[in-house]
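Got your viewer open? Grab the mouse, and let's take a walk along a protein chain together.

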Amino acid sequence: MYDSESSSDGGWISWFCDLEGHDEAMKMILSSESPDSEDLNDQGFLEIYQCAMDLYGLIHSRFILSPRGLAMMREKYLLGTFGSCQRVLCERQLVLPIGLSEELSTSRVKTYCPRCQEVYVPRQKNLDIDGAYFGTSFSHVLLKSYPELYPKEGPVTYIPTIYGFKIFGQKGSRYEIQYDVMGKVVNQKDVDSVLKKKIASGAAGNVNGTSSDAQVNKTPAYK
Ligand SMILES: [Zn+2]
């Protein structure tokens, strides 16, 4: 959609309109008439309707990156239009809409929390909006444009505990298993070597990840 062949002459809009049926889609967007029941039973109409929605969505994804679009989206964000983070420890931090791809029909719109810096499925069930209508960069461009919107406090990490004791290999543990950005374990060998040492000295319990720091260093999780 955004490749060089589409931007060589009149840009991607004229390229889009030159495709079969797409000029009809453009007319549909500019028309003030609503489709009637006859239209909604017409397969040809529905195909153009989908094209019109996609065109409108892609224009939308460009518009919200413009200074005026950013200012309007900032207002909506501050009013809580996009909802709040569903992560308990983010304490209802406001979220922004985000796409996981610039390509149409890849995934539906998600929400991005600037506090935990994670994306979530929106709370509204069956929200059938293409993520490409917002794009992957919008949330971050908005926050860079209005740095005061960055949360004042960083994310609070949830620490799993059993009877108040941190769990070996889990978050908060001295021997926490760590992952790279792709979710791959990066320190398995180090953790295994600690486990082996503890087993050799008879201090650790179960090797299946359920042995706890309680058995390793007697450190309770709470202060
Ligand atoms: Zn969050």
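Below is a list of stops, each with something to select and something to look for.

**Before you zoom in**

Keep in mind that this is a predicted model. Start with the whole chain in cartoon view: you should find nine helices and five strands. Going along the sequence, the order is α-α-α-α-α-α-β-β-β-α-β-β-α-α. How much of the chain is buried? Of the 223 residues, 18% are buried. Now think about contacts between residues with a separation of 6 or more: 49% of those join residues 24 or more positions apart.

**Stop 1: α3 against α5**

Select residues 22-30, which form helix α3, and residues 43-63, which form helix α5. At what angle do α3 and α5 pack? The angle is about 70°, and the axes are 8 Å apart. That makes α3 roughly perpendicular to α5, since angles of 65 to 115 degrees count that way. The crossing of α3 past α5 is right-handed.

Next, show the side chains where the two helices meet. From α3, pick His-22, Glu-24, Ala-25, Met-26, Met-28 and Ile-29. From α5, pick Ile-48, Tyr-49, Cys-51, Ala-52, Leu-55 and Tyr-56. Colour this contact by class and you get 10 nonpolar residues, one polar and one charged.

**Stop 2: further along α5**

Stay on helix α5 and click Leu-58. Is Leu-58 buried or exposed? Leu-58 is buried, because 21 other C-beta atoms lie within 10 Å and the cut-off is 20 or more. Now add Tyr-133 to your selection: 75 residues separate Leu-58 and Tyr-133 along the chain, yet their C-alpha atoms are 5.3 Å apart.

Then move to Phe-63, also in helix α5. Phe-63 has 13 other C-beta atoms within 10 Å, so this residue is partly exposed. Draw a distance from the C-alpha atom of Phe-63 to that of Phe-134, and the separation is 9.5 Å, with these positions 71 residues apart along the chain.

**Stop 3: α7 and its buried face**

Jump to helix α7, residues 138-145. Which residues of α7 are buried? They are Phe-138, Ser-139 and Leu-142. Turn your view to look down the axis of α7: the buried residues fall within an arc of 100°, so they line one face of the helix. Here is a handy piece of background: an α-helix has 3.6 residues a turn, so residues three or four places apart point the same way.

What do the buried residues of α7 pack against? Light up α6 (67-78), β1 (96-98) and β2 (110-113), and you have the partners.

Keep α6 and α7 on screen. Their axes cross at roughly 90° and come within 10 Å. That makes α6 roughly perpendicular to α7. To see the contact, select Leu-70, Met-73 and Arg-74 of α6 together with Val-141, Leu-142 and Ser-145 of α7. By class, the contact of α6 with α7 has four nonpolar residues, one polar and one charged.

**Stop 4: Arg-92**

Find Arg-92 in the loop between α6 and β1. Arg-92 counts as partly exposed, with 13 C-beta neighbours inside 10 Å. Setting aside neighbours within four places in sequence, Arg-92 is in contact with Ser-84 and Cys-85. Add Arg-115 as well: the C-alpha atoms of Arg-92 and Arg-115 are 9.9 Å apart, and the two residues lie 23 residues apart along the chain.

**Stop 5: two positive phi angles**

Select Ser-105, in the loop between β1 and β2. Ser-105 is not a glycine, but its phi is positive, near 55°. Ser-105 is exposed, with 11 other C-beta atoms within 10 Å.

Now hop to Gln-117, in the loop between β2 and β3 (118-120). Gln-117 is not a glycine either, and its phi is positive at about 55°. With 11 C-beta neighbours inside 10 Å, Gln-117 counts as exposed.

**Last stop: Gly-169**

Finish in the loop between β5 (165-166) and α8 (188-200), where Gly-169 sits. Is Gly-169 buried or exposed? Gly-169 is buried, with 21 other C-beta atoms within 10 Å. Pick Gln-188 too: the C-alpha atoms of Gly-169 and Gln-188 are separated by 9.3 Å, with the residues 19 apart along the chain.

Conventions: Residues are numbered from 1 along each chain as its sequence is written. This is a predicted model: local features need pLDDT of at least 70, side-chain atom pairs count only at pLDDT 80 or more; totals for chains, interfaces and linings use all residues. A residue is buried if 20 or more other C-beta atoms lie within 10 Å of its own, exposed if 12 or fewer, and partly exposed in between; C-beta atoms are placed from the backbone. Helices (H or I, at least four residues) and strands (E, at least two) are DSSP runs, numbered from the N terminus. The arc is that of the directions from the helix axis to the C-beta atoms. Two residues are in contact if their C-beta atoms, placed from the backbone, lie within 7 Å. Axes are lines fitted to C-alpha atoms, for helices over the stretch in contact, and angles run from 0 to 180 degrees between N-to-C directions. Angles under 35 degrees count as roughly parallel, over 145 as roughly antiparallel, 65 to 115 as roughly perpendicular and the rest as oblique. A crossing is left-handed if the near helix is turned anticlockwise from the far one by less than a right angle, and right-handed if clockwise. Ala, Val, Leu, Ile, Met, Phe, Trp, Tyr, Cys and Pro count as nonpolar, Asp, Glu, Lys and Arg as charged, and the others, Gly among them, as polar.
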